[in-house]
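Visitor: I would like to learn how to read helix packing and sheet layout in a model. Please take one feature at a time.

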Amino acid sequence: MPLTPADLTDALRTVLDPDIRKDLVTLGMVKETRMDGDRAAVTIELTTPACPMKDKIRGDIEDAVRAKAAERGAAYAGVEVTFTADVRRANEKTRDGSNPLPGVRQVIAVGAGKGGVGKSTVAVNLAVALARMGARTGYLDGDIYGPSAPTMLGLEDEATQARGNMLLPFEVHGIKAMTIGKLVDAEKPLIWRGPMAHGAFKQLATQTEWGELDYLIIDLPPGTGDVPLTLSQLLPLSGAVIVCTPQQVAQDDARRAAKMFEQLGVPVLGVVENMSSFIDDAGREHDIFGKGGAEIMAQTMGLHFLGSIAIRTALRVHSDRGTPLANWNDARLGAELDTVARGVAQRISTLSMLGQFKTPSISVH
Ligand code: ADP
């Protein structure tokens, strides 16, 4: 007698999600169990297409079904595991109870304690990495004082388009992107007074026709001043990623950024160490700033470490040319970017599954 679909479900009750530590059946992740003769087939719905645990879950399912077949004395010719993904919704309401981004499931801010650490580089490549993994991803260049998306995404020759009073996002490199840099004169310095800046940012976020998105990555202005702080409150953020370079001085700024998000009730998803070392064109690695500094800082603050990205000429060149997908032509660079993206997606999934989203609790005007 071969196994039955009910036997497969039983077996899956013994397979735990590695992060949540609950079984796949209880978590509602089992979408189909089927037998084709002696061959089993199961479909598992993950909470992100960027799940770093796929291989582990697949291996655990194979072990569990094999054990069940042995227990039943059933003829058994293996199990085919198919993964689908459905990114869960966060608590999408802001403090005032409104829902300004109804089609967006998870809004992720990328911040930094200060400028020049590669915040925009990380934000752009995080968005592109998630899209490459199959997630519907948007990128909002909210760095209203120094928008870099027109260059980094190669939007210089793209015309801004609107439908009614909604802006249409630029559909480039697999993502939907919007930037204030395309709405103002690039040559004129942007001198925004606080309320103007906030208004422009909110309009940009809410009057862009994002459609349905799994993740919207928000590139915040650097620092912990009034503008990044207030912007962080205007949208329902699921969590924040902090970009930091390894030096001690940079860590002090990053600490302040982490505290800012914590005060606002926005979970810090983790820290990315950018410019952690220099990799030359021959692939040799040179430690310039003290690689690992940001990881130690993350540990001492009890924050997750999401990965490090080395300095490479290629990364700078692809940013200047607006060709982020070319970063994946370098396997080592692509792997670093993917590690960060998987880590972010994993943290978001875990937080939404555990229902740990908090609503911002203090109000700062
Ligand atoms: P920020 O947003 O923090 O001000 P950017 O992302 O604009 O910083 O990066 C500043 C400059 O450094 C850009 O020219 C960018 O291409 C370059 N850069 C950032 N990270 C790296 C890296 N890991 N390797 C090479 N160049 C980098």
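Visitor: At roughly what angle do the axes of helix H7 and helix H8 cross?

Guide: This is a predicted model. The axes of H7 (residues 248–263) and H8 (residues 293–301) come within 10 Å and cross at roughly 40 degrees.

Visitor: Which word describes how H7 and H8 lie to each other?

Guide: Angles under 35 degrees count as roughly parallel, and those from 65 to 115 as roughly perpendicular. H7 and H8 are therefore oblique to each other. The crossing of H7 past H8 is right-handed.

Visitor: Which residues in H7 and H8 meet?

Guide: From H7 come Gln251, Ala254, Arg255, Ala258 and Lys259; they meet Gly293, Ala294, Met297, Thr300 and Met301 of H8. Sorted by class, this contact of H7 with H8 has 5 nonpolar, 3 polar and 2 charged residues.

Visitor: Now the sheet. In what order do the strands come, and which are the edge strands?

Guide: An edge strand pairs on one side only. Here 3 strands form an open sheet in the order E1-E2-E3, with mixed pairing. The edge strands are E1 (30–36) and E3 (79–85). From one strand to the next, the twist averages 15 degrees.

Visitor: How many bridges join E1 to E2?

Guide: E1 and E2 (residues 39–46) run antiparallel and are joined by 6 bridges. Within this pairing, Thr33 stands opposite Val42 in E2.

Visitor: Which strands does helix H1 touch, and which does helix H2 touch?

Guide: H1 (residues 5–12) packs on the sheet against E1 and E2, and its direction makes about 135 degrees with that of E1. H2 (residues 54–72) also packs on the sheet, touching E2 and E3, and its direction makes about 145 degrees with that of E3.

Notes
Residues are numbered from 1 along each chain as its sequence is written. This is a predicted model: local features need pLDDT of at least 70, side-chain atom pairs count only at pLDDT 80 or more; totals for chains, interfaces and linings use all residues. Side-chain values use heavy atoms; hydrogens and water are left out. Axes are lines fitted to C-alpha atoms, for helices over the stretch in contact, and angles run from 0 to 180 degrees between N-to-C directions. Helices (H or I, at least four residues) and strands (E, at least two) are DSSP runs, numbered from the N terminus. Angles under 35 degrees count as roughly parallel, over 145 as roughly antiparallel, 65 to 115 as roughly perpendicular and the rest as oblique. A crossing is left-handed if the near helix is turned anticlockwise from the far one by less than a right angle, and right-handed if clockwise. Contact means heavy atoms within 4.5 Å. Ala, Val, Leu, Ile, Met, Phe, Trp, Tyr, Cys and Pro count as nonpolar, Asp, Glu, Lys and Arg as charged, and the others, Gly among them, as polar. Two strands pair if DSSP finds at least two bridges between them.
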